[in-house]
Amino acid sequence: MIPMSALERLERVRQAGPGRWLAACPAHDDDVCSLSVRAVADGLLVHCFAGCEYRSIVAALQLEAAAGGTVEVRHGAIVIHPAAGQRQAGELAGSARRASVLDAEGVAKARARLARNPLALALAWRAKGWTRGGLAAAGVGWQAGRFVFASVTDTGAVASAVRYRPGGRPKMLGSMRERRMPWPHPSTLSGPVVLVEGEPDAATLIGQLGLPAVAVPGAGACREDDAAVIAERCGRVLVVADCDGPGRACAERMAGLLERAGAGVAVLDLDPWRWDGWDVSDAYLAALVAMFFTAMSYGRMAAAFPV
């Protein structure tokens, strides 16, 4: 039996019978859960009812590279064979799902895909208040039902990439074969910058507010070499803390690393009285809602008291 913990790495999984599940296909923008997953004696059987080519599914999941075994097309479906002594088929599928690595061409395609996907743009606006222009300015893409944040160096190489879905399980998927880099890549920065925790917050600042920003993945991912590059290229850094214990610890650690690297640093706590994880994106959404109700109030006043 394939453990559910591995299947959670696919999108919108639901059980269709004993040892059988349906999920969103990673090879196309799937809104109807076209991917069939079934446990078989010698591996994991995967088939897309929308007709995705087998090579596309293999490429989207990086199955062979992640599994360390072999991939076979059998009776119109993909069978993933575990290598000798390796994990069960469900665990292979889970690790494969996290190991989707993009190159420069893949990043460009992901960005173009987002710009022409109305469902993805609607999700961006509804969940985060992101607009199409803001997403384009921030360099966000779309792949397999998730927003793509690719950390691209000043030479155009993709250092790392993660995929994010608001409310997803998990919210963020990355590769096990690469270190998750700050986003945007530190080598592309220039001048004073706002440092936040998490790529979505940086996307909000860059795309929606037009502010130079960089995101670190979290307190455990703060590294001296990243801080040194940011300090050298930016000079002055405003570190904004998420309103919880880990967020404030991350901000203090990054501020210390940046100061030791010679940067001028200030730390901003959005609300010292909050401990619920409130962050830059939440503050932005709250401001949007406040502006909406203010505009509605002025509109009603104008209608009630015409000049």
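**Surface patch, strand pairing and salt bridges**

In this predicted model, Val289, Phe292, Phe293 and Met296 make a nonpolar surface patch of about 390 Å². One of these residues, Met296, is located in helix 11, which covers residues 280–304. The relative accessibility of Met296 is 33%, so the residue counts as partly exposed; membership of such a patch requires over 30% relative accessible area.

The model contains an open sheet of 4 strands, paired in parallel and arranged in the order 12-11-13-14. Strand 12 (213–216) and strand 14 (264–269) form the edges, each of them pairing on one side only. From one strand to the next, the twist averages 25 degrees.

Within this sheet, strand 11 (residues 193–197) is joined to strand 13 (residues 236–241) by 3 bridges in the parallel sense. Val193 lies opposite Val237 of strand 13, and Leu195 has Val239 of strand 13 as its bridge partner. The pairing of strand 11 with strand 12 is also parallel and comprises 4 bridges. Here Val194 has Ala213 of strand 12 as its bridge partner. The connection from strand 11 to strand 12 passes through helix 8 (residues 199–208), and this β-α-β crossover is right-handed.

Strand 11 is mostly covered, with 5 of its 5 residues buried. In a regular strand, side chains alternate between the two faces of the sheet. In strand 11, Val193, Leu195 and Glu197 point one way, while Val194 and Val196 point the other way. The residues on both sides are buried, including Glu197.

A separate antiparallel pairing involves strand 1 (residues 14–17) and strand 2 (residues 20–23), which share 3 bridges. Gly17 stands opposite Arg20 of strand 2. The two strands form a hairpin with 2 residues between them. In the turn, Gly19 has a positive phi of about 70 degrees.

Side chains of opposite charge can pair when their charged atoms come close. With a cut-off of 4 Å between a side-chain nitrogen of Lys or Arg and a carboxyl oxygen of Asp or Glu, the model has 6 salt bridges. Among them is the pair Glu199 and Arg180, whose closest N and O atoms are 2.7 Å apart. Glu199 belongs to helix 8 and Arg180 to the loop between strand 10 (172–174) and strand 11, so this salt bridge ties together parts that are 19 residues apart in sequence. The partners differ in exposure class: Glu199 counts as buried because its relative accessibility is 1%, whereas Arg180 is partly exposed, with a relative accessible area of 28%.

A further salt bridge links Lys109 to Glu105, with 3.4 Å between the closest N and O atoms. Both residues lie in helix 5 (residues 104–115); they are 4 residues apart and are therefore separated by about one helical turn. Lys109 has a relative accessible area of 46% and is partly exposed. Glu105, with a relative accessible area of 52%, is exposed, the limit for this class being over 50%.

Asp225 and Arg223 form another of the salt bridges, in which the closest N and O atoms are 3.1 Å apart. Asp225 counts as partly exposed at 36% relative accessibility, and Arg223 likewise counts as partly exposed at 36%.

Conventions:
Residues numbered from 1 in each chain as written. Predicted model: local features only at pLDDT ≥ 70, side-chain atom pairs only at ≥ 80, totals over all residues. Heavy atoms only, no water. Patch = residues over 30% accessible without salt bridge, like charges linked within 9 Å, V, L, I, M, F, W, Y side chains within 5 Å. Areas by Shrake-Rupley, 256 points an atom, 1.4 Å probe, with all protein chains shown as cover. Buried < 20%, exposed > 50% of the residue type's maximum accessible area, 1.4 Å probe, protein only. Pairing = 2+ DSSP bridges. Axes fitted to C-alpha atoms, helices over the stretch in contact; angles between N-to-C directions. Right-handed = clockwise from strand over helix to strand, strands pointing away.
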